[in-house]
Amino acid sequence: MTIVRAGIIVAGGEGSRLGPGLPKALRSFGGSTLLERALQLLSVRVERTFVALPHSFPLPPDVARFERVDDLSSGDGPLAGLVPALERAATAHADVAWVIPADMPLLGDAHLDALLFALDPPDGP
């Protein structure tokens, strides 16, 4: 049986504490945007990627890399994006989903490996 893996990036933060400018996910960190870092992290692990953000978020489409999922309502925090993104992943027949925030640029492969191991250890649960 083939397992369909989805990646969900919660990317709706305005970044108001960072000062005026772009939304948080589009801010640079270490040479790329926070969103780009999250997309790269998930790209080798998942078949489908969903980016959850407010309808007004200025994110250009990139259908080859991710599907945009609009939040249920604007300004209601990450759950407003997480719920429709999980629903969309389920509709896409995902068996498992990694959910990561766009604003954790130091999240890495080892972290996701640890989560996977906790979900499905090599010797069974």
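Which residues does F57 touch, not counting residues up to four places away in sequence? They are A11, P23, A25, L26 and R68. The structure in which these contacts occur is a predicted model.

## Overall architecture

The protein contains three helices and six strands. Their order along the sequence is β-β-β-α-β-β-α-β-α. The protein is as compact as a globular protein of its length, because its radius of gyration is 15 Å and the globule rule gives a close value, 14 Å, for 125 residues. Along the principal axes, the C-alpha atoms occupy a box of roughly 50 × 30 × 25 Å.

Many contacts bridge long stretches of chain. Taking contacts between residues at least 6 apart in sequence, 59% of them connect residues that are at least 24 apart.

## Surface and charge

Of the 125 residues in the protein, 36% are buried. The accessible surface is about 7,600 Å² in total, and carbon and sulfur atoms account for 60% of that surface.

The side chains include 10 positive and 15 negative ones. The centres of these two sets are 6 Å apart.

## Two buried loop residues

F57 belongs to the loop that runs between β4 (48-53) and β5 (67-70). Is F57 buried or exposed? F57 has a relative accessibility of 7%, so it counts as buried, the cut-off being under 20%. Its contacts include P23, A25 and L26, as well as A11 and R68. V4, by contrast, is 53 residues from F57 along the chain, and the C-alpha atoms of the two are separated by 28 Å.

K24 sits in another loop, the one between β1 (5-10) and β2 (28-29). With a relative accessibility of 18%, K24 is under the 20% cut-off and therefore counts as buried. What joins the side chains of K24 and D103? The answer is a polar contact of 2.8 Å.

## Buried residues in a helix and a strand

A85 is part of helix α2. Its relative accessible area is 0%, so A85 is buried. Setting aside residues up to four places away in sequence, A85 touches I8, A52 and V69. From A85 to T49 the separation is 36 residues in sequence, and the C-alpha atoms of this pair are 9.6 Å apart in space.

I100 is in strand β6. A relative accessible area of 4% makes I100 buried. Which residues is I100 in contact with, leaving aside its neighbours within four places in sequence? I8, I9 and V10 are among them, and so are A38, L41 and L42. The list is completed by L107 and L112. I8 therefore appears in the contacts of A85 as well as in those of I100. P20 lies 80 residues from I100 in sequence, with 24 Å between the two C-alpha atoms.

## Two exposed residues

A110 is located in helix α3 (residues 109-119). A110 has a relative accessible area of 57%, and it is exposed because that value is over 50%. How far apart in space are A110 and T91, C-alpha to C-alpha? The distance is 29 Å, for two residues that are 19 apart in sequence.

H93 is in the loop connecting α2 (79-91) and β6 (96-101). Its relative accessible area is 60%, which means that H93 is exposed. The backbone of H93 also deserves a look. Most residues other than glycine have a negative phi. H93 is not a glycine, yet its phi is positive, at about 65°.

Definitions and conventions:
Residues are numbered from 1 along each chain as its sequence is written. This is a predicted model: local features need pLDDT of at least 70, side-chain atom pairs count only at pLDDT 80 or more; totals for chains, interfaces and linings use all residues. Side-chain values use heavy atoms; hydrogens and water are left out. Helices (H or I, at least four residues) and strands (E, at least two) are DSSP runs, numbered from the N terminus. The radius of gyration is taken over C-alpha atoms; the globule rule is 2.2 Å times the number of residues to the power 0.38. Buried means under 20% relative accessible area, exposed over 50%, partly exposed in between (1.4 Å probe, protein chains only). Contact means heavy atoms within 4.5 Å. Accessible areas come from the Shrake-Rupley method with a 1.4 Å probe; for residues, only the protein chains shown count as cover. Lys and Arg count as positive and Asp and Glu as negative; His and the chain ends are not counted. The place of a charge is taken as NZ of Lys, CZ of Arg, CG of Asp or CD of Glu. A polar contact is a pair of N or O atoms within 3.5 Å; within protein, one must be able to donate a hydrogen and the other to accept it, and residues adjacent in sequence count only if both atoms are side-chain atoms.
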